[in-house]
Structures are given as C-alpha cells and as structure tokens.
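This report describes selected helices of one protein chain and the surroundings of their residues.

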Amino acid sequence: MAELTYRDAVARGIAQEMARDPDVVFLGEDVAKAGGVFKATVGLYDQFGPLRVRDTPISEQAILGAAMGAAMTGLKPIAEIMFSDFFAVCFDYIANEFPKSRYMSNGQTKCPLVVRTGNGAGSRFGAQHSQSVENWCMMIPGLKVVAPSTPTDVIGLMAAAVRDPDPVIFFEHKSLYPMKGEVPDGEIVDALGTARTVRTGTDATILALALMVPRALEAAERLKVEHGVDCEVVDVRSLVPLDTQTILGSVGRTHRLFTVEENPRLCGWGAEIVSIVADEAFYDLDGPPVRITTPHIPLPAADILEDMVLPTVERIVERVQRSLGA
Amino acid sequence: MASKAGHAAVSMDRRGGINDDIGEEKRLELYRLQVVIREAEQRAFDLFLQNLVKGTSHLSLGQEAVAAGFAAAMQPKDLSFCTYRGHAHTLARGVPVEAVLGELMQRDNGLMRGKGGSMHLTSEPHGVMGSYAIIGAHLPIACGAAWRAQYKGDKDVSVCFFGDGTTNIGAFHEALNFAAVWKLPVVFVCENNLYMEYTPIGDVTAVQHPAADRAASYGLERIVIDGNDADAVYRAAQTAFAKARAGHGPSLIECMTYRHSGHSRADPAKYRPEGELEKWKERDPIKIYRERLKQFGIGDDQVAKIDADVRRIVDEATEACKAAPPPSTDILFTDVYADGGWAWRN
C-alpha cells in the first residue's frame, strides 16, 4: 500500500497499461513534455518516449479523429481532452464517429480507445471550464462512460478502459486531483459496469459519482450522527454499462432513493436511474425518489456563487432529512 | 471563377507517346475501373427512378477518373477513407457491384446488410475504412490510421477523399496541420467538382483553388491536376504514395473535375449555368480515356469487351439485388458494442 493522489494515479494507471501493451499510445495538448496542465501525466514522456507520448496542436478534432483512426487500425490510443467542456468542439467524434462505425459497418470496424478528460467544478474557472458533462456522453448508444472517485479506482478503471474493445469516455474530476488515498501495490485492474457500495445503511440509498461521492459519504456520516439516519452510499462509477443490479438491490433494502449529481438538472444521469427504479422497483419505494443536482444554470466563476450551486454536504443532509422526516 | 478554374486545369499535364510509364495493362485497368463506376452509378440512378434505391445517394458520374486513378496506384494494404459520395471509391477498391447496389437498395446482400446505407459504405477486407457523412470528419481519422503505420513501421498509405466543400470546415485545417507536423503517410485528395452542394465553391471560398491554395499554410506543395484524366491522376497518386512511403509526409492533391448529376438524388442541379454541363461532358473522363487507349494502340475490340463485360456484371448484380430479401431483423440489435450486442446495463 502507498498513499497516492488522484492526480498521480492517472499517470500510474496509464503507465501500467503502456508498460504492458506496446500498442497503447497517448496523445493530447501539453500532455508529453509538460506533463499535462493538471500535472496528471508527469513522467510518461520520459518513461515511454516521444513516439508513444505525443503533444498535439490545439486541435481537438484532430486529436479524437487521430485516436479513432489509430484505434480502427490496431493501436489502443488514450486521448486527452484537457477540459470536458471542449467536448463541444469535437463532439462529432464522440457522438457520430466512435460509437456508430461498428454498427453502421455491420460489425466490420472496431474502435478501442479511451478519451480521458478533466471534468467538473470547484476550480472557479467559470462556465466554460467547469461543467460536468458525463450526461452528454451517457445518452449516446455505443459509448462506455466511467467517472472514478478515488485514486485506486482511477488506476483500475483506466486499466479496464484501455483493455476494453469499445470506446470509453473517462471522466476525471478536476477537484479530486489533489485528493489522496491508499493504493495497493502492483497491477490494479477493475471492471467497467460495476457500481460500488461504499457505505452500507438501512434507511436510504444515496447514489453519487466522482466529486459527489466524498460529499455523499460525509453527509451520510452526519445524518447518522446528528439525525440517526443510516444511509447506504453507492458510488455509481460507471454510467455505461450501468450496474442497475447493485442500484436496484440497494433500493430494495432501503426503500428510499437519492441521487447526488453535479451535472445540471435536465437529463442528468440521475433522471435515467430514477426512471429505471420507478419502472422496476416502484413498489419497493416508501417515498418519491429525490434528485439533488446542480440547478439548471451555467456555472458561475466566483467561489461564493459556485459553492452555492454544487450539491454540498449540507444540502444533501438537509434534503435527505427533510424527505425522511427525520 | 469556379468554371474558369476548371478550364485552367484541363490544359495541364498531357504526356503521351507509345510505351510510356503507365503501360497497356495498367491502362486497361484504369479504363475498366472507370467503366465499372460509370455503369454502377448510372444503374443506381436508374434504380432510384424505379424507386428501388431508397434513402439518399450521391453519385460520382463524371468523377470516375479520380477514384480509378488513385485506386490503380494503391497497394492492397493501402487504406481508403471516403465521404458520403463514396460509391466510386468503394467500387474502385474491388468491392463487388452487387454488394454496393445491395446496400443502396437496402437488401440483405448489401455490403453492410442495410445497416449503413449509401453514405457509409465500408469494406475492411478491401481497405475501404469507411465512408463518412459528416463533412471533414474522416481527415483526422485518416491521420490516425497513418499514425499507426508510422508507429508500427507499416508501409501502407492512408488515402482520404473529399470534396471542395470540405476545405472550408475546421477539421480539414486541423488534419492538414496535424499530418504535416507529424509527417504522416497520408494523402489528401480533394475532388473539386466546382460545387459545394448547390453553391459554386468560388462563391464561398477566399481563394481560387480551395485545397491547393491552402497547401502553403501547411508547408505542402501546391498540386492541381486534371481530375478527368485518369493518367494524370494515376501519376500524381504514385508520386504522393512514394513520398508517403519514404517517410516524407503528407500530400494534398486538388483534382479538377465535374459531377454530371446533382449533389444528391434530390437535386436536379438547375443552378448550373447553361452549357456548363455540356462543356464538361466533352471532357468526360471515359471519353478521354477511350481516345487515350486508341492513341496507345489498344484495339476497339478490347474496349468493347470490357464494356460488355462490365455491363453484364452490373446487370447480374441488379438482378441479384432485386431478388434479394430485405435485411433480416435479427441484425437490428447486433454490433453496437464489441461483444456483438447492445446491452448498456446489467
């Protein structure tokens, strides 16, 4: 075991896969010599050299298109899009090219690649560098979508994503980069499509993703200590494939469902899960499912304003408590 | 301005003489490929009029020499990346006419069994790595395939075909710069047929030659060729492929040509000035090439045999497609993911 930051876990996860498979290559803006603007890829250029770790121009379409062409013909590229907000300038590849070529070609082509990106708020960067856009990707048939919340999950899910034969969008949360965690030694390989119950409880299920996971955990502790409410917290981790069995199983035990989502309210990932639960576990529920989300507004830059819109520990506690009448 | 550009180009590069660098066998191949495309595309149009080709289709009638000239210069492992106007390039790599027409007719014998349609023809075994219907999308993708070749030391070249309209979208410029900086073995082929869909390309472009006049921005040579002369196309392709295989980076080639039909099946092309089509038909690539064959002493009987043979193949393909069933519905949920299925949850 060693203590590692989420940031360093990114480089370790990529290094683990590049050392294992010479077909894994890595490209993006400032990722090589500079080690990434978030310093999440420091050391990879020195370890694997300029043929495998490549700086690109500011050309997001070229980055993702090149990743796809390489993937179609035998490599396993990892492409970085620096901020997930920039998906909007290269969305053709995410929405039209990666996920459709296999289907349209009747199974002839493949697209085994990973797009990793800095997602989420907390850096006071304003509305074009702070969004949580995992729901943009969740809605596209043919993609897989993961968002780890711990350093160990970063490494394990990165390995799973690189080894997966489908295109995987890998959301790293910018505000988690400095977070530390105990990480096992040796190779770490996780599985896509698996949620994790990170706290067991009997009174309510709280689903969370990425930065919202530590907040949900802290809220659960306070609900227990201050209000005697025992919450189960599930780290959803993988939006596609979605581990509905873990989610439905938890709701079946606690009979109450809360989602904690950083994405803006409309069509957030929690809406889909609530609809699945309503459809398949309605009679397990003792009360209406509750979505705790960022309001449907662009994100403000000022700290005092940004802090008001993201779901906070206090808001989660208040909302669960009010809903349960505790 | 646009048609002037076309006429400026047609006077270019006319070599001749017996026993030149191309030779009889390759010339017969170039001719045959052009005739296959002409006959198959004409048949696609006829079948559309009979309501047997569904959806949309974008024909390359009049542009056959570009597809034939590049395909004839390609090695089997070279890769083609095409646009929605991709029937010609797919046929030129040797994909059977029946598979192409079957896809256009949305039958079970289609190249992708009806899952892709006219705009997405793909045949990996033939090196046709897809036909892309979002303008410009495939230029970066071709860069990626070329990057793989460079990284692995493979000697194949990625060849990316697109229209004049593509030169005004961002992905074109991103890809050209990217390919030049990384010195990738990719060849970008602009088929300048003078019209961006329904609008003359000259009306919406700041330079006369939409591709070639941008080449200097990426440190590339300015290349404009007569795209209706299969010999000129073939030679330009050979030069670019040799450069790519030698590790000297990408090329951008602008081929001046003209489409005889509208942009798509929905377009009667009434925006063209009177007489323009007739003028270009005098420079029909197949007509030019029949004269070329004669000039090199290739007999009418050989030409007639190719014509008859191709017509028979297209006739037989048509009948096979008409007799083929629609796609079986059990393919609806296959191949969304690599496991063959579409499951997004457990």
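Val10(A) is found in helix α1 of chain A, which spans residues 6–20. In this predicted model, Val10(A) has 0% relative accessibility and therefore counts as buried, the cut-off being under 20%. Apart from neighbours within four places in sequence, Val10(A) is in contact with Ala40(A), Arg116(A), Val154(A), Glu172(A) and Tyr177(A). One of these contacts, Val154(A), lies 144 residues from Val10(A) in sequence, yet the two C-alpha atoms are 6.2 Å apart.

A second helix, α9 of chain A, covers residues 244–254, and its buried residues are Thr244(A), Ile247(A), Leu248(A), Ser250(A), Val251(A) and Thr254(A). Viewed down the axis of α9(A), these buried residues fall within an arc of 160°, so they line one face of the helix. An α-helix has 3.6 residues a turn, so residues three or four places apart point the same way. The elements of chain A against which the buried residues of α9(A) pack are listed below.

| Element of chain A | Residues |
|---|---|
| β10 | 204–208 |
| β11 | 231–235 |
| β13 | 257–264 |
| α10 | 269–280 |

After α9(A) comes His255(A), which has a positive phi, near 70°.

The surface offers a further feature: Ile304(A), Leu305(A) and Met308(A) form a nonpolar patch there, together accounting for about 330 Å² of accessible area. Leu305(A) belongs to helix α11 of chain A, residues 303–309. With a relative accessibility of 41%, Leu305(A) counts as partly exposed, because this value lies between the limits of 20% and 50%.

Note on methods: Residues numbered from 1 in each chain as written. Chains lettered and ligands numbered in written order. Predicted model: local features only at pLDDT ≥ 70, side-chain atom pairs only at ≥ 80, totals over all residues. Heavy atoms only, no water. Buried < 20%, exposed > 50% of the residue type's maximum accessible area, 1.4 Å probe, protein only. Helix = DSSP H or I, 4+ residues; strand = E, 2+ residues; numbered from the N terminus. Arc of directions from axis to C-beta. Contact = heavy atoms within 4.5 Å. Patch = residues over 30% accessible without salt bridge, like charges linked within 9 Å, V, L, I, M, F, W, Y side chains within 5 Å. Areas by Shrake-Rupley, 256 points an atom, 1.4 Å probe, with all protein chains shown as cover. Salt bridge = Lys/Arg side-chain N within 4 Å of Asp/Glu carboxyl O.
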